[in-house]
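Reader: I would like to learn how to read a few local features of a model such as this one, beginning with aromatic side chains. Could you take me through them one at a time, with the general idea before the case?

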Amino acid sequence: MTSVDELMDYAEVVERFDPVLGLEVHVELHTNTKMFCGCANLFGGEPNTHVCPTCLGLPGSLPVVNGKAVESAIRIGLALNCEIAEWCRFARKNYFYPDMPKNFQTSQYDEPIAFNGWLDVTLDDGEVVRVEIERAHMEEDTGKSLHVGGATGRIHGAEHSLLDYNRAGVPLIEIVTRPITGTGERAPEVARAYVTALRDLLKALDVSDVRMDQGSLRCDANVSLMPKGTTEFGTRTETKNVNSLRSVERAVRFEMTRQAAVLVNGGKVTQETRHFDESTGSTSSGRTKETAEDYRYFPEPDLVPIAPSREWVEELRGTLPELPWERRKRIQTEWSLTDAELRDLVNAGAVDLVAATVDAGATPAEARSWWVAYLTKEANARGVELGELGITPAQIARVVALVNAGELTNKLAREVVTGVLAGEGEPEAVIEARGLKVVSDDSALEKAVDEALAAQPDVAAKIRDGKVAAAGAIVGAVMKATKGQADAKKVRDLIIARCS
């Protein structure tokens, strides 16, 4: 058998095997209170301060279903083209772990609130893949364990563990796909595109803040391989709690190369959970994966079934907003974008940012130029998402307005944006502190032009002889003398006038 670190070249993997994916995405709802009690549903806070007897599982406490969470679950199901159950109920999922204070999780098993749906996802080159949804069900989140003293932050090697139950009982929707087949070499890309599309959808529905960095959107990626020409699924692994879009893609790709190496060397893939290491892009063994029987599901005796009326479901259908793909089609028409331009906008994660910049006064072309070109490069260089840069659409729109008013050149505008990104304040404050305003004093510009012409008499002679292209050298000299704070067009006009 191969070691877990042995990998097969990815091209060989897709030549010899067909991948099968199954994605389970957990979404924390941003309701005011928890799923079954009145405790505040807030991220962070001092440990064990958002707790009560119910979410701590103390004897005698009884749960009450959060009606807003049920509403959000139905809206999510409708947006995913699911059927909404006329009758469903909660179940107890029994397992023992310190961050589960009741020793069971209140979830849904074979009677989910939403089922049989689908979501079309668009890949980077415009290809559309339909991902079928098996179910979306309601449950509660667990608490958090902090393992202290080890090198990895995991329980193995830790000296002791601390428990914070603030998250215990937070409303969760788990969205489970059917097996995703037929994607071949694009399987990792499909996984990332699906989670991206789901995040955008949930954000549009305003049911969650979908902050993967804070754990409010987490993906468990199930991966198995079938030898080419066969139809029986292989043994799967489940990489747990992957918390970034890029990591979803990397985790799937790594597991494909690892499992393929195991199989071709005569080994067997172990059905287990695995952990993804962001720093290495690799997965490591967690625990042997339980089956449904191991959880000993049975109906929750302390909660009545949920039976949403058809009238209520249709009323909620009417509250669905313009969905992300519908909005993109509208934007493409309104902004006269080509398919390629729209894909660049979507792939950069810039649709909302550009739209907000347009709403703040910039033109679509101006907004796209900043976000898709300059700021995307800045985000990549810093290793962060575009929306995590320290600049807002309103600030970009203000910089654009200053350029259009002639108070900044394009070069100076980039310096202003750099200052805002560095935390130096609003654009005007950066301009003032760095002395970046365009030189508008005609006498100062005329002096700079005269000095540049005097320093390069041969160039001046060419301009006087009608070779106006030579003016570029003088423009460059003036821009250098004014530290880029002159209007290049105005400088050029002054040069031509002086040489006439």
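Author: In this predicted model, Tyr297 has a relative accessibility of 22%, and because buried means under 20%, Tyr297 counts as partly exposed.

Reader: Which parts of the chain are linked by the pair of Tyr109 and Tyr297, and how far apart are the centres of the two rings?

Author: In general, a pair of aromatic rings is described by the distance of the centres and the angle of the planes. Here the ring centres of Tyr109 and Tyr297 are 4.0 Å apart and the planes stand at 5°, so the pair is stacked. The two residues come from distant parts of the chain, with Tyr109 in the loop between strand 4 and strand 5 (114-122) and Tyr297 in the loop between strand 13 and strand 14, 188 residues apart. Tyr109 is also partly exposed, at 37% relative accessibility.

Reader: How many aromatic pairs are there by this rule, and what is the geometry of the pair formed by Tyr95 and Tyr295?

Author: The count comes to five aromatic pairs. The one formed by Tyr95 and Tyr295 is edge-to-face, with 5.8 Å from centre to centre and 65° between the planes. This pair, too, links distant parts of the chain: Tyr95 lies in the loop between strand 3 (91-94) and strand 4 (104-107), whereas Tyr295 lies in the loop between strand 13 (282-288) and strand 14 (298-299), 200 residues apart.

Reader: Are Tyr95 and Tyr295 buried or partly exposed?

Author: Tyr95 has a relative accessibility of 23% and counts as partly exposed, while Tyr295, at 9%, counts as buried. Tyr95, Tyr109, Tyr295 and Tyr297 together form one aromatic cluster.

Reader: The loops you mention adjoin strands 3, 4 and 14; in what order do the strands of that open sheet lie?

Author: The order is 4-3-14, three strands in an open sheet with antiparallel pairing. Strand 4 and strand 14 stand at the edges with a single partner strand each, so one side of each has no neighbour in the sheet. Strand 3 and strand 4 are joined by four bridges, and Asn94 stands opposite Phe104 in strand 4.

Reader: Which residues have a positive phi although they are other than glycine, and where do they lie?

Author: As a general guide, most residues other than glycine have a negative phi. Among the residues with a positive value here is Asn103, with phi near 65°, in the loop between strand 3 and strand 4, where Asn103 is partly exposed at a relative accessible area of 33%. Another case is Asp206, with phi near 60°, found in the loop between helix 3 (187-205) and strand 10 (217-227); Asp206 is exposed, at 53%.

Reader: Aromatic rings can also be read against charged side chains, so to speak; over which rings do Arg130 and Arg253 sit?

Author: Arg130 lies over the face of Trp118, 3.6 Å from the ring centre, and the charged end of Arg253 sits over the ring of Tyr10, at 3.9 Å from its centre.

Reader: Lastly, how many cavities of 30 Å³ or more are there, and what lines the largest cavity?

Author: The count is one cavity of 30 Å³ or more, and the volume of the largest cavity is about 30 Å³. Its lining consists of Cys55, Met100, Pro101, Lys102, Glu140, Asp141, Thr142, Ala168 and Gly169, which divide into four nonpolar, two polar and three charged residues.

Notes
Residues are numbered from 1 along each chain as its sequence is written. This is a predicted model: local features need pLDDT of at least 70, side-chain atom pairs count only at pLDDT 80 or more; totals for chains, interfaces and linings use all residues. Side-chain values use heavy atoms; hydrogens and water are left out. Rings of Phe, Tyr and Trp (its six-membered ring) pair if their centres lie within 6.5 Å; planes under 30 degrees apart count as stacked, over 60 as edge-to-face and the rest as tilted. Buried means under 20% relative accessible area, exposed over 50%, partly exposed in between (1.4 Å probe, protein chains only). A charge sits over a ring if NZ of Lys or CZ of Arg is within 6 Å of the ring centre and within 35 degrees of the ring normal. On a 1 Å grid over the protein atoms alone, a cavity is a set of points where a 1.4 Å probe fits but cannot get out, and a pocket is an open set with protein on both sides within 12 Å along at least five of seven lines; lining residues have an atom within 4 Å of a point. Grid points are joined across faces, edges and corners, and a volume is the space filled by probe spheres set on the points. Ala, Val, Leu, Ile, Met, Phe, Trp, Tyr, Cys and Pro count as nonpolar, Asp, Glu, Lys and Arg as charged, and the others, Gly among them, as polar. Two strands pair if DSSP finds at least two bridges between them.
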